[in-house]
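This report goes through one protein chain, from a single side chain to the whole fold. Please keep the sequence and the structure open while reading.

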Amino acid sequence: MEQPHPSKHRLKLRNLKLSDYTDVKEIMDRVYTAMGGAWNPGEFASMLARFPQGQICIDDKGRVIAAALSLIVDFSKLGDQHTYEDVVGDGHLKNHDPDGDYLYGIDVFVHPDYRGLRLGRRLYDARKELCEQLNLQGILLGGRIPAYRKHCDEMTPHQYCRMVKNKELFDPVLTFQLSNDFHIKKVMSGYIPEDRHSRAYGVLLEWNNIYYEERKKPLFGGKKSYVRLGVVQWQMRRFESVDDFLHQVEFFVDTVSGYNSDLILLPELLNVPLLSQFNQEDPAEAMRSLAGHTETLRAEFLKMALAYNINIVAGSMPEYDGQRLYNVSFLCRRDGTWDSQYKLHITPDEKQYWGLQGGEDLKVFETDVGKIGILICYDVEFPELSRYLVDQGMNLLLVPYWTDTKNGYLRVRRCAQARAIENECYVAISGSVGNLPKVENMDIQYSQSAIFTPSDFAFPHDAVAAEATPNTEMTLMVDLDLDLLKELRKQGSVRNLQSRRLDLYNIQWLKGEQRKKIDKEADI
């Protein structure tokens with residue numbers, strides 16, 4: 001290839017994409033000829049799936065010409081005597097720890113035809129910026145010392161590194177790293193066994209983030225390691241007015257908050273007893289009329305969250321925008337903010353009777369007890385949704401549901417239990433019981449609300465933290481240890497999240513334009 005003329009460059013710094021693999025492979029095969037060449041496609045895909053922000057590149061008119069790869073580690077667990085394999089975890093970044101304290105650089109490479117443009121420095125600067133944005137303590141590198149092969153018979157690697165540091169010797173890798181404000185922490189033996197030039201030694205280097213702010217737990221309002229969760233199994237009963245309904249809700253909020261609970265979960269469509277006020281000859285129109293109360297009810301739930309100092313997942317209610325009828329769950333936080341999650345999958349019965357339509361977005365919610373997710377009833381039967389949520393950091397999944405028969409209930413229960421095991425998280429389900437005469441399509445209910453855990457030695461033997469008496473109005477209150485989830489994901493008997501084959505598959509949320517394209521193709 002002819003050496004590019006500087007004036008012809010159109011350089012752009014960005015994150016790597018799956019489609020960049022061909023360019024990456026070409027560079028790595030040339031740079032690392034003696035060390036096995038490029039990462040394979042599966043390893044590359046896994047890196048992007050686990051930590052996309054950490055995989056940075058520079059392209060020239062769309063073609064990747066340089067790249068830097070990294071992950072986050074917990075240095076207290078990794079230690080200062082480790083190997084490259086210990087870090088990269090068989091090439092799939094299985095040791096990436098989103099809760100870690102250091103960015104660890106595992107590779108930097110530049111196309112041979114683009115050397116001399118200081119692209120390596122740009123990539124190092126981009127890493128530093130990422131480290132600052134993520135508020136990590138610093139960056140670690142396991143640096144090679146390829147020029148050591150010329151001096152290995154006359155000095156130890158420690159002496160060699162000292163000479164390079166003092167500018168008595170030049171090493172193409174270590175000299176560059178030291179010039180980028182890294183300092184030597186330790187010389188490690190056996191770091192990359194196949195690196196003959198470095199005689200298998202690696203130099204642990206560190207760059208300190210001077211903007212790092214220690215993540216101290218605040219005196220008030222910090223994230224908790226224990227979460228006290230209250231789950232209401234709700235008795236369907238006729239209410240004469242919205243005020244009567246709110247009085248019953250407030251009774252449970254008051255009761256659960258009285259036990260210093262952090263969070264209360266209520267069931268799906270808990271306000272449907274108010275349907276009796278509307279025309280039962282037209283269920284679709286009655287549900288749209290009921291939606292007229294939703295904004296008022298949401299405001300009242302938010303007042304209760306503030307007054308009783310508890311986060312409320314307000315089951316779900318219908319919402320009508322004049323054209324579409326949705327089923328929506330509101331999260332009312334005790335700091336006075338609120339958010340919403342729409343039901344995405346609509347059952348045939350819900351479409352037929354009420355004309356409900358599914359939402360289009362799935363959210364992970366930040367709360368003072370950590371990240372939570374909400375899936376309304378039928379949505380928990382689709383495993384992709386909870387997997388997507390846990391990839392965004394969710395530890396607690398809340399499922400308000402409504403079922404009329406035991407077989408319908410068991411679909412929700414069995415799927416919720418599976419979600420807890422496969423995602424190594426807690427899952428709580430809340431349903432309603434009793435009968436509603438003269439309310440079309442809501443006449444009978446079946447429920448046994450419960451809180452499920454992963455299945456391992458640190459959790460209950462049946463992976464059930466608590467469960468209600470079937471078809472009886474009551475509350476459950478359980479303390480959930482979030483630190484146990486961290487231990488499970490790192491040291492469990494099996495490690496579902498860590499063992500995923502991200503080189504073969506992953507979950508991707510489609511953006512608006514992608515959805516439109518698929519819809520158009522489906523119409524054709």
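Leaving aside its neighbours within four places in sequence, which residues is Phe 252 in contact with?

## Phe 252 and its surroundings

The model is predicted. In it, Phe 252 belongs to helix H8, which covers residues 242-257. Beyond the neighbours within four places in sequence, the contacts of Phe 252 are Val 232, Trp 234, Ile 264, Glu 473 and Thr 475.

Phe 252 has a relative accessible area of 4%. Because buried means under 20%, Phe 252 counts as buried. Cys 131 is 121 residues from Phe 252 in sequence, and the two C-alpha atoms are 45 Å apart in space.

## Helix H2

Helix H2 runs over residues 41-50, and 8 of its 10 residues are buried, so the helix is largely enclosed by the rest of the structure. The buried residues are Gly 42, Glu 43, Phe 44, Ala 45, Ser 46, Met 47, Leu 48 and Arg 50. Charged residues are part of this list, namely Glu 43 and Arg 50.

The buried residues of H2 pack against two helices and two strands: helix H1 (21-31) and helix H4 (84-93), together with strand E3 (63-73) and strand E4 (102-110).

## Charged patches on the surface

A negative patch on the surface consists of Glu 281, Asp 282, Glu 285, Asp 349, Asp 404, Glu 440 and Asp 443. One of these residues, Asp 443, sits in the loop that links strand E18 (432-433) and strand E19 (450-452). With a relative accessible area of 43%, Asp 443 is partly exposed.

A patch of positive charge is made up of Arg 149, Lys 150, Arg 196 and Arg 199. Arg 196 is found in the loop between strand E6 (183-188) and strand E7 (202-208). The relative accessibility of Arg 196 is 55%, so this residue counts as exposed.

## The protein as a whole

The protein has 15 helices and 21 strands. Along the principal axes, its C-alpha atoms fill a box of roughly 90 × 55 × 35 Å. Of the 524 residues, 52% are buried. Among contacts between residues at least 6 apart in sequence, 71% join residues at least 24 apart.

The accessible surface amounts to about 24,600 Å², and carbon and sulfur atoms account for 48% of that area. The protein carries 64 positive and 75 negative charges, and the mean positions of the two sets lie 7 Å apart.

Definitions and conventions: Residues numbered from 1 in each chain as written. Predicted model: local features only at pLDDT ≥ 70, side-chain atom pairs only at ≥ 80, totals over all residues. Heavy atoms only, no water. Patch = residues over 30% accessible without salt bridge, like charges linked within 9 Å, V, L, I, M, F, W, Y side chains within 5 Å. Areas by Shrake-Rupley, 256 points an atom, 1.4 Å probe, with all protein chains shown as cover. Salt bridge = Lys/Arg side-chain N within 4 Å of Asp/Glu carboxyl O. Charge placed at Lys NZ, Arg CZ, Asp CG, Glu CD. Helix = DSSP H or I, 4+ residues; strand = E, 2+ residues; numbered from the N terminus. Buried < 20%, exposed > 50% of the residue type's maximum accessible area, 1.4 Å probe, protein only. Contact = heavy atoms within 4.5 Å.
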